[in-house]
Amino acid sequence: MLPKSASLPQWWANATDPTTTDVQRKAWGDAGFDAFLIAGADRVRFKRIQSTRSAP
């Protein structure tokens, strides 16, 4: 189950800062995806990206 804050677009923002402490952002970014909250649908879309981020 996701926290209530996951209903906010900010929780799903795709951070590019490598020092982010938001583990959810780091997880989908490291997996090669960006996340987008679909407003009013209680759904999230993950889109595969050409990542220039390096895995730890």
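The following legends describe close-up views of a predicted model.

**Figure 1. Overall arrangement of the predicted model, with one helix and two strands.** Read from the N terminus, the elements follow the order α-β-β. The helix, α1, covers residues 23-30; strand β1 covers residues 33-38, and strand β2 covers residues 43-48. The protein has 56 residues, of which 18% are buried. Its accessible surface is about 4,600 Å², and carbon and sulfur atoms account for 57% of that area. Of the contacts between residues at least 6 apart in sequence, 21% connect residues that are at least 24 apart.

**Figure 2. The hairpin of β1 and β2.** The two strands run antiparallel and are joined by six bridges. Two of the facing positions are shown: L37 lies opposite V44 of β2, and F36 lies opposite R45 of β2. Four residues separate the strands, and within this turn G40 adopts a positive phi of about 75°. Strand β2 is hardly covered, since the number of buried residues among its six is zero. F46, a residue of β2, illustrates this with a relative accessible area of 42%, which makes F46 partly exposed.

**Figure 3. The largest nonpolar core, built from five residues.** Its members are A6, W11, W12, W28 and A35. W12 has a relative accessible area of 7% and is therefore buried, and W28 is buried as well. Which residues does A35 touch, once neighbours within four places in sequence are set aside? The contacts of A35 are with W12, N14, W28, V44, R45 and F46. Of these partners, W12 and W28 also belong to the core. V44 and R45 have been met in the hairpin, where V44 stands opposite L37 and R45 stands opposite F36.

**Figure 4. Aromatic pairs around W12 and the cluster to which W12 belongs.** Five aromatic pairs are found in the whole structure. One of them joins W12 and W28, whose ring centres are 5.3 Å apart and whose planes meet at 20°, so this pair is stacked. W12 belongs to the segment before α1 and W28 to helix α1, so the pair ties together parts 16 residues apart in sequence. Both of these tryptophans are buried. W12 also pairs with F46, here in an edge-to-face arrangement with 6.1 Å between the centres and 75° between the planes. This second pair links the segment before α1 to strand β2, with W12 and F46 lying 34 residues apart. The two partners differ in cover: W12 is buried at 7% relative accessible area, whereas F46 is partly exposed at 42%. Together with W11, the residues W12, W28 and F46 form one aromatic cluster.

**Figure 5. The salt bridge between D22 and R25.** The model contains two salt bridges in total. In this one, the closest N and O atoms of D22 and R25 are 2.7 Å apart. Are the two partners buried or exposed? D22 is partly exposed, with 25% relative accessible area. R25 has 18% relative accessibility and counts as buried, because the limit for a buried residue is under 20%.

**Figure 6. The salt bridge between K26 and D30 within helix α1.** The closest N and O atoms of this pair are 2.8 Å apart. Both residues lie in α1, where four residues, about one turn of the helix, separate K26 from D30. Each partner is partly exposed: K26 has a relative accessible area of 35%, and D30 has a relative accessibility of 37%.

**Figure 7. The loop between α1 and β1, viewed at A31.** A31 is located in this loop and counts as partly exposed, with a relative accessibility of 47%. How far apart are the C-alpha atoms of A31 and I49? The separation is 9.3 Å, for two residues that are 18 residues apart along the chain.

Conventions: Residues are numbered from 1 along each chain as its sequence is written. This is a predicted model: local features need pLDDT of at least 70, side-chain atom pairs count only at pLDDT 80 or more; totals for chains, interfaces and linings use all residues. Side-chain values use heavy atoms; hydrogens and water are left out. A nonpolar core is a set of buried Ala, Val, Leu, Ile, Met, Phe, Trp, Tyr and Cys residues joined through side-chain atoms within 4.5 Å. Buried means under 20% relative accessible area, exposed over 50%, partly exposed in between (1.4 Å probe, protein chains only). Contact means heavy atoms within 4.5 Å. Accessible areas come from the Shrake-Rupley method with a 1.4 Å probe; for residues, only the protein chains shown count as cover. A salt bridge is a side-chain nitrogen of Lys or Arg within 4 Å of a carboxyl oxygen of Asp or Glu. Two strands pair if DSSP finds at least two bridges between them. Rings of Phe, Tyr and Trp (its six-membered ring) pair if their centres lie within 6.5 Å; planes under 30 degrees apart count as stacked, over 60 as edge-to-face and the rest as tilted.
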